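Thanks for letting me take a few minutes of the meeting. Please have a look at the sequence and the structure as they come up, and then I will go through some helix contacts and a pocket.

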Amino acid sequence: MKITTKSILLISAITSSFFLIFTLYKGIILYFVNEALEDTFVGGSTSDISIVLWFILSGILMLITLMFLFFIKIKDLKSQKIIVIGLTFFWISISFLSIFVSFSNLWITLITLTIGVISLLAIKNLKKEIVNELNKKGLTDKEIYLLQKLAGITKK
């Protein structure tokens, strides 16, 4: 299965935008619940800090989504490899953190773990792509000289 760097970055951007919409929805609902509780005679209130935290989390997810979309423009294969390795670490760590934080949200764990596994496949494809590109270019004279010197072969 051939998975390109562009496709895994798009999948990651779409997934993080779904999480962005979810956190924004939670923040807005919590804000309206807080406003409704202030207007009633019952009193009581939700914590204002929880509303702020939902909006901060949605802002962070917005930055992450934009970062994934920005990374699509990078053409250098070695840079793409570093980005995809970081992406794999990001999604797998999020899945393990979600297990420890709240096991009741199993779907979050499954989604992030699936994207982490797909990212691992993208790394393997990217390594093959880098090797193919290097084989197309061949070695320069300086690289051949250095390899011969390393191997102990002297040119006569």
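Let me begin where two helices touch: in helix 2, the residues Ile64, Phe68 and Phe71 meet Ile83, Leu87, Phe90 and Trp91, which belong to helix 3. If we sort the residues of this contact by class, we find seven nonpolar, no polar and no charged. I should say at this point that what you are looking at is a predicted model, and that the values I quote are computed from it.

How are helix 2 and helix 3 placed with respect to each other, in angle and in the distance between their axes? The two pack at an angle of about 155°, and their axes lie 12 Å apart. Because an angle over 145 degrees counts as roughly antiparallel, helix 2 is roughly antiparallel to helix 3. As for the handedness of the crossing of helix 2 and helix 3, it is left-handed.

Now let us follow helix 3 to its contact with helix 4, where the axes come within 8 Å and cross at roughly 160°. By the reasoning we have just used, that angle makes helix 3 roughly antiparallel to helix 4, and the crossing of helix 3 and helix 4 is left-handed. Which classes of residue make up the contact of helix 3 with helix 4? Here we have 16 nonpolar residues, together with eight polar and five charged ones.

The last item is the largest pocket, whose volume is about 540 Å³. There are 19 residues lining the largest pocket, and those closest to its centre are Phe19, Leu57, Ile94, Ser98 and Ile108. The elements that contribute two or more residues to this lining are helix 1, spanning 5–39, helix 2, spanning 48–71, helix 3, spanning 77–101, and helix 4, spanning 106–137. Which of the helices gives the largest share of the lining? That is helix 3, with six residues, and we have already seen helix 3 in contact with helix 2. When the lining of the largest pocket is divided by class, it holds 13 nonpolar and six polar residues, and no charged ones.

Definitions and conventions:
Residues are numbered from 1 along each chain as its sequence is written. This is a predicted model: local features need pLDDT of at least 70, side-chain atom pairs count only at pLDDT 80 or more; totals for chains, interfaces and linings use all residues. Side-chain values use heavy atoms; hydrogens and water are left out. On a 1 Å grid over the protein atoms alone, a cavity is a set of points where a 1.4 Å probe fits but cannot get out, and a pocket is an open set with protein on both sides within 12 Å along at least five of seven lines; lining residues have an atom within 4 Å of a point. Grid points are joined across faces, edges and corners, and a volume is the space filled by probe spheres set on the points. Helices (H or I, at least four residues) and strands (E, at least two) are DSSP runs, numbered from the N terminus. Ala, Val, Leu, Ile, Met, Phe, Trp, Tyr, Cys and Pro count as nonpolar, Asp, Glu, Lys and Arg as charged, and the others, Gly among them, as polar. Axes are lines fitted to C-alpha atoms, for helices over the stretch in contact, and angles run from 0 to 180 degrees between N-to-C directions. Angles under 35 degrees count as roughly parallel, over 145 as roughly antiparallel, 65 to 115 as roughly perpendicular and the rest as oblique. A crossing is left-handed if the near helix is turned anticlockwise from the far one by less than a right angle, and right-handed if clockwise. Contact means heavy atoms within 4.5 Å.
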